[in-house]
Amino acid sequence: MIVNKTPIWFMRQAGRYLPEYRAIRKKEKNFLDLCLSPELAAEISLQPIKRFDFDFIILFCDILVIPFALNQKVSFLPSHGPVLDPIESKLDLNYREFDVCLKKISNIFQTIRILTEKKNKKKLIGFCGGPFTVLNYMIEGGTSVSHKKIINFVRNKNKKAKEIMEILTDLSIEYLKKQIESGVDCVKIFESWAGLLNGDEYLNFIIKPNQKISQAIRSFSSRTKIIHFPRGSKDNYTNFINEVICDVISLDESYPEEILKIANKKNISIQGNLNPKDLLSGDDDRLKEKTLAILEKFKNNKHIFNLSHGILPKTPIENVMNTIKIVRNYEPTK
Ligand code: CP3
């Protein structure tokens with residue numbers, strides 16, 4: 001009997017919780033250089049596949065290659081995360097055509113071509129940041145707790161904000177198209193800071209730009225699956241999937257119940273949503289309970305098992321292996 005198992009992969013499945021990643025990272029101090037080294041980036045993308053046999057490969061890269069391509073200064077400091085020279089308007093970006101921007105990061109397309117040859121039967125996911133999330137880092141100059149600068153920018157410098165958003169949206173479309181031409185099967189748009197906005201701001205800065213990206217990708221390549229992750233959207237998750245073309249919606253832990261029905265009606269798969277903190281402890285019974293609860297919760301939907309956000313660097317490898325085993329052995333109760 002062939003049983004259709006729930007596929008599984010983890011956000012940030014290639015990363016610091018893996019000793020084989022840390023070994024490569026030790027040799028290449030500059031994180032962006034690593035993202036732009038095709039052989040190494042391809043090797044890192046495949047590390048979690050070799051170790052765990054995850055069902056999807058995600059390209060190893062970062063959403064902040066887009067500000068870098070636009071000539072903003074971007075660096076990653078150890079134990080501090082990304083640091084950017086903050087900008088205040090599009091005039092601070094000294095860039096010319098999109099073709100020139102994409103040339104600066106064209107090694108990423110070479111990584112994809114290498115992976116396309118090595119992916120066997122697995123699906124390869126390419127990605128970019130959602131335009132508002134990328135704007136957030138460009139304005140804040142890095143990771144922020146209060147997000148005061150970006151909120152202030154959207155509210156009080158609305159015209160300037162929209163001008164940069166337009167550049168980010170259009171460049172992201174061209175970037176994703178090149179990823180598709182190079183061989184990715186799916187694209188994921190990480191709108192990690194969608195939860196900062198509401199009402200008209202959510203409409204103008206989250207829904208409309210994501211809608212534009214989705215429409216462009218769908219008409220460019222109808223076979224490419226589109227995954228959206230408007231993290232933190234809460235009740236706006238419903239507006240999002242009603243307005244934006246998507247094949248898969250990635251959920252965090254706070255979503256409206258009705259999304260499960262709407263997703264079924266629209267033939268959208270649910271992806272999610274184990275809290276990455278649940279993978280930290282040594283309490284196997286609790287992990288099993290949480291994992292099974294998610295499988296039960298989404299058993300009447302098309303479901304791809306995943307986390308509600310990226311895997312944490314302190315995650316024990318055994319917990320990842322355990323979770324995969326539980327997912328692969330799961331038989332839904334009637
Ligand atoms: O999922 C994967 O395995 C693919 C690789 C991937 C990375 N970043 C590698 C990475 C993906 C899909 C991303 C997306 C990304 N990058 C997002 C969206 C998803 C999310 O988590 O919300 C965001 C917001 C970023 C920006 C970013 N990059 C931050 C805030 C940080 C610092 C925090 C951290 O985890 O260190 C990064 C660095 C980063 N990106 C690392 C990795 C493996 C760690 C860098 C290191 O090795 O030192």
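Reader: Which residue in S3 is the bridge partner of leucine 77?

Author: That's glycine 81. Keep in mind that we're looking at a predicted model.

Reader: What makes S2 and S3 count as a pair?

Author: Two strands pair once there are at least two bridges between them. S2 (74–77) and S3 (81–84) are joined over four bridges in the antiparallel sense, so they meet that cut-off. Three residues sit between the strands of this hairpin, and one residue there, serine 79, takes a positive phi near 55°. S2 also has two faces: Val74 and Phe76 are on the covered one, while Ser75 and Leu77 are on the uncovered one.

Reader: Why is strand S4 called largely enclosed?

Author: Count its buried residues. S4 covers residues 123–129, and six of those seven are buried, so the strand is largely enclosed by the rest of the structure.

Reader: How do you know that S1 and S4 pair?

Author: Same test as before: at least two bridges are needed. S1 (residues 56–58) and S4 have three, in the parallel sense, so they count as a pair. At one spot, isoleucine 58 has isoleucine 125 of S4 as its bridge partner.

Reader: And what makes S4 and S5 a pair?

Author: Five bridges link S4 to S5 (residues 186–190), again in the parallel sense. The cut-off is two, so that pair passes too. Isoleucine 125 turns up here as well, standing opposite cysteine 186 in S5.

Reader: Why is strand S8 described as largely enclosed?

Author: S8 spans residues 269–274, and six of its six residues are buried, so the rest of the structure largely encloses the strand. S7 (residues 248–250) is joined to S8 by three bridges, and the two run parallel. One link there is between valine 248 and its bridge partner in S8, serine 269. To get from S7 to S8, the chain goes through helix H12 (residues 259–265), in a right-handed β-α-β crossover.

Reader: What joins S8 to S9?

Author: Five bridges do, and S8 runs parallel to S9 (residues 303–307). Isoleucine 270, for instance, has histidine 303 of S9 as its bridge partner. The chain travels from S8 to S9 through helix H13 (residues 284–297), and that β-α-β crossover is right-handed.

Reader: Why is glutamine 47 called buried?

Author: Buried means under 20% relative accessible area. Glutamine 47 has 7%, so it's buried. It lies in helix H3 (residues 38–52). Leaving out residues up to four places away in sequence, glutamine 47 touches Leu18, Glu20, Tyr21 and Ile24.

Reader: Then why does lysine 149 count as partly exposed?

Author: Partly exposed is the range between the cut-offs of 20% and 50%. At 41%, lysine 149 falls in that range, so it gets that label. You'll find lysine 149 in helix H8 (residues 148–156). Again not counting residues up to four places away in sequence, it touches Pro86, Ile139 and Glu140. If you go 153 residues along the chain to lysine 302, the C-alpha atoms of the two lysines are separated by 39 Å.

Reader: What covers the buried residues of H11?

Author: The cover includes helix H10 (199–220), strand S6 (225–229), S7 and H12. As for what lies underneath, H11 runs over residues 236–243, and its buried residues are Asn236, Tyr237, Thr238, Phe240 and Ile241.

Reader: Which residues have the most contacts inside the largest nonpolar core?

Author: Phe54, Ile105 and Tyr175 do, in a core of 118 residues. Helix H9 (residues 158–182) gives the largest share of this core, ten residues. Tyrosine 175 touches quite a list, if you skip residues up to four places away in sequence: Cys61, Val65, Ile66, Leu102, Ile105, Ile108, Phe109, Phe127 and Cys128.

Reader: What volume does the largest pocket have?

Author: About 1800 Å³. It's lined by 50 residues, and those closest to its centre are Arg12, Arg16, Asp62, Pro82 and Ile311.

Reader: Which element gives the largest share of the lining of the largest pocket?

Author: H1 does, with four residues. Helix H1 (19–27), strand S2, strand S3 and helix H7 (131–140) each supply at least two residues of that lining. So the hairpin strands you began with turn up here too: S2 and S3 pair over four bridges, the cut-off being at least two, and both help line the largest pocket.

Methods: Residues are numbered from 1 along each chain as its sequence is written. This is a predicted model: local features need pLDDT of at least 70, side-chain atom pairs count only at pLDDT 80 or more; totals for chains, interfaces and linings use all residues. Side-chain values use heavy atoms; hydrogens and water are left out. Buried means under 20% relative accessible area, exposed over 50%, partly exposed in between (1.4 Å probe, protein chains only). A crossover is right-handed if, with the strands pointing away from the viewer, the path from the first strand over the helix to the second runs clockwise. A nonpolar core is a set of buried Ala, Val, Leu, Ile, Met, Phe, Trp, Tyr and Cys residues joined through side-chain atoms within 4.5 Å. Contact means heavy atoms within 4.5 Å. On a 1 Å grid over the protein atoms alone, a cavity is a set of points where a 1.4 Å probe fits but cannot get out, and a pocket is an open set with protein on both sides within 12 Å along at least five of seven lines; lining residues have an atom within 4 Å of a point. Grid points are joined across faces, edges and corners, and a volume is the space filled by probe spheres set on the points.
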